[in-house]
Amino acid sequence: MKALVLAGGSGVRLRPFTHSMPKQLFPIANRPVLFYGLEAIGAAGVHDVGVVVGDHAEAIRQAVGDGASFGLKITYIRQDLPLGLAHCVSIARDFLADEDFVMYLGDNVIGDGVEPIVSAFGRTRPAARVMLGKVGDPRRFGVAEVGPDGRVLRLAEKPAVPRSDLAMIGAYVFSPAVHEAIAAIEPSERGEREITDALSWLVAHDHIVEAHVSSGYWQDTGTFAGVLDCNRAMLGAITPAVLGSVDDASELIGPVVVEENATVSRSRVIGPAVIGSGATVSESRIGPYTSIGAKCTVNRSVVENSIILGGSSLHGIPGMRDSLIGRDADVRRAETSGPCSLILGDHSSVAPAV
């Protein structure tokens with residue numbers, strides 16, 4: 001079996017961050033979100049991986065390399081325009097050949113990984129097996145109606161009146177039959193070749209499409225709310241470690257990771273939290289559910305439930321929460337400022353007026 005990882009989306013809902021970085025490299029618990037998917041694929045015993053990339057191809061190549069650090073062999077496949085998930089499969093046809101493959105959306109995190117769906121597919125080998133999860137508002141997703149035998153009966157993309165609360169959640173396993181389906185479908189109203197339409201074609205032509213209902217954690221990190229939720233979930237699974245320096249006047253409470261060359265002085269860090277490599281935290285309170293990126297500086301500040309990307313500085317912030325701060329940003333307190341929630345892109349500055 002091979003794998004196809006989709007990492008070419010533009011990430012419109014995460015602007016301004018995605019003007020300067022691909023959404024698949026946004027850090028979750030100080031690790032690019034794409035890494036979680038690649039590790040899940042390797043853990044499922046799949047090692048030959050095609051990665052579909054778009055305008056940020058070079059950034060993803062630099063981060064992932066040839067895949068050796070994940071135990072994978074990576075082949076990069078360029079998608080010039082974002083024309084749908086099924087289009088990604090069609091442009092990867094030469095790489096996939098006539099093998100079964102698992103397809104993973106590179107901005108998703110699936111707590112249980114993909115080993116369960118890969119193993120289940122191998123036992124019955126249907127035309128396709130689709131990972132599903134119950135969601136509160138199915139109108140925002142591709143929705144599947146499933147029969148009592150576990151077969152998918154019909155699918156709909158963002159239906160106004162959903163027939164179930166089971167949404168497709170970021171992982172699929174296909175046999176080569178999907179290529180015939182994709183060749184047969186037309187672009188949707190938004191001009192994209194939808195994987196939902198390909199699956200519907202398979203069902204309509206009496207191919208077996210099985211449901212794989214997951215009750216584990218899952219998150220699409222394509223929105224600010226999704227990023228913060230996923231960061232909380234992944235921080236909740238960290239193993240405490242102090243590889244940097246923490247002075248006697250500081251206190252670490254709960255699961256906290258202080259990475260190499262990081263310094264914590266006269267501060268309280270409440271886990272789960274991560275202090276990145278080379279970061280400096282002084283006279284501050286950090287966490288819970290906060291990721292401080294590499295080489296950040298946090299001084300006389302209070303930060304919780306936030307992600308601070310590498311190289312940024314916070315000075316005298318009395319209460320920052322539910323915030324995303326881009327790379328090399330600088331945030332300074334005005335004399336009258338109180339608690340705040342910020343979404344601040346790379347190389348930005350927020351400071352009191354002179």
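This section describes a parallel sheet, a pair of packed helices and two buried polar side chains in a predicted model.

In the predicted model, an open sheet is built from 5 strands, arranged in the order β16-β19-β22-β25-β28 with parallel pairing. The edges of this sheet are occupied by β16 (251–253) and β28 (320–321). Each of these two strands has a single partner strand, so one side of each is left without a neighbour in the sheet. The partner of β16 is β19 (residues 268–270), to which β16 is joined by 3 bridges, the two strands running parallel. Within this pairing, E251 has R268 of β19 as its bridge partner. In general, strands of a sheet pair through backbone hydrogen bonds, in either a parallel or an antiparallel manner.

A helix pair was examined next. Two packed helices are described by the angle between their axes and by the distance between the axes. Helix α6 (residues 177–184) packs with helix α7 (residues 195–204) at an angle of about 110°, and the axes lie 8 Å apart. Because angles of 65 to 115 degrees count as roughly perpendicular, α6 and α7 are described as roughly perpendicular to each other. The contact is formed by A177, E180, A181, I182 and A184 of α6, which meet A198, W201 and L202 of α7. By class, this contact of α6 with α7 comprises 7 nonpolar residues, 1 charged residue and no polar residues.

Buried positions in α6 are A177, V178, H179, A181 and I182. The buried residues of this helix pack not only against α7 but also against the helices α3 (85–91) and α4 (93–96) and the strands β6 (101–105) and β11 (166–174). A177, A181 and I182 are thus buried and also take part in the contact with α7.

Two buried residues with polar side-chain contacts were also identified. Q219 lies in strand β13 (residues 218–220) and has a relative accessible area of 16%; since buried means under 20%, Q219 is classed as buried. The side chain of Q219 forms a polar contact of 2.9 Å with the side chain of D229. When neighbours within four places in sequence are left aside, Q219 is in contact with D107, N108, V109, G226, D229 and C230. D229 therefore appears among the contacts of Q219 as well as in the polar side-chain pair.

D330 is located in strand β30 (residues 330–332). With a relative accessible area of 18%, D330 is buried. The side chains of D330 and R332 make a polar contact of 2.8 Å.

Definitions and conventions. Residues numbered from 1 in each chain as written. Predicted model: local features only at pLDDT ≥ 70, side-chain atom pairs only at ≥ 80, totals over all residues. Heavy atoms only, no water. Pairing = 2+ DSSP bridges. Helix = DSSP H or I, 4+ residues; strand = E, 2+ residues; numbered from the N terminus. Axes fitted to C-alpha atoms, helices over the stretch in contact; angles between N-to-C directions. Parallel < 35°, antiparallel > 145°, perpendicular 65-115°, else oblique. Contact = heavy atoms within 4.5 Å. Nonpolar A, V, L, I, M, F, W, Y, C, P; charged D, E, K, R; others polar. Buried < 20%, exposed > 50% of the residue type's maximum accessible area, 1.4 Å probe, protein only. Polar contact = N/O pair within 3.5 Å; in protein donor to acceptor, adjacent residues only side chain to side chain.
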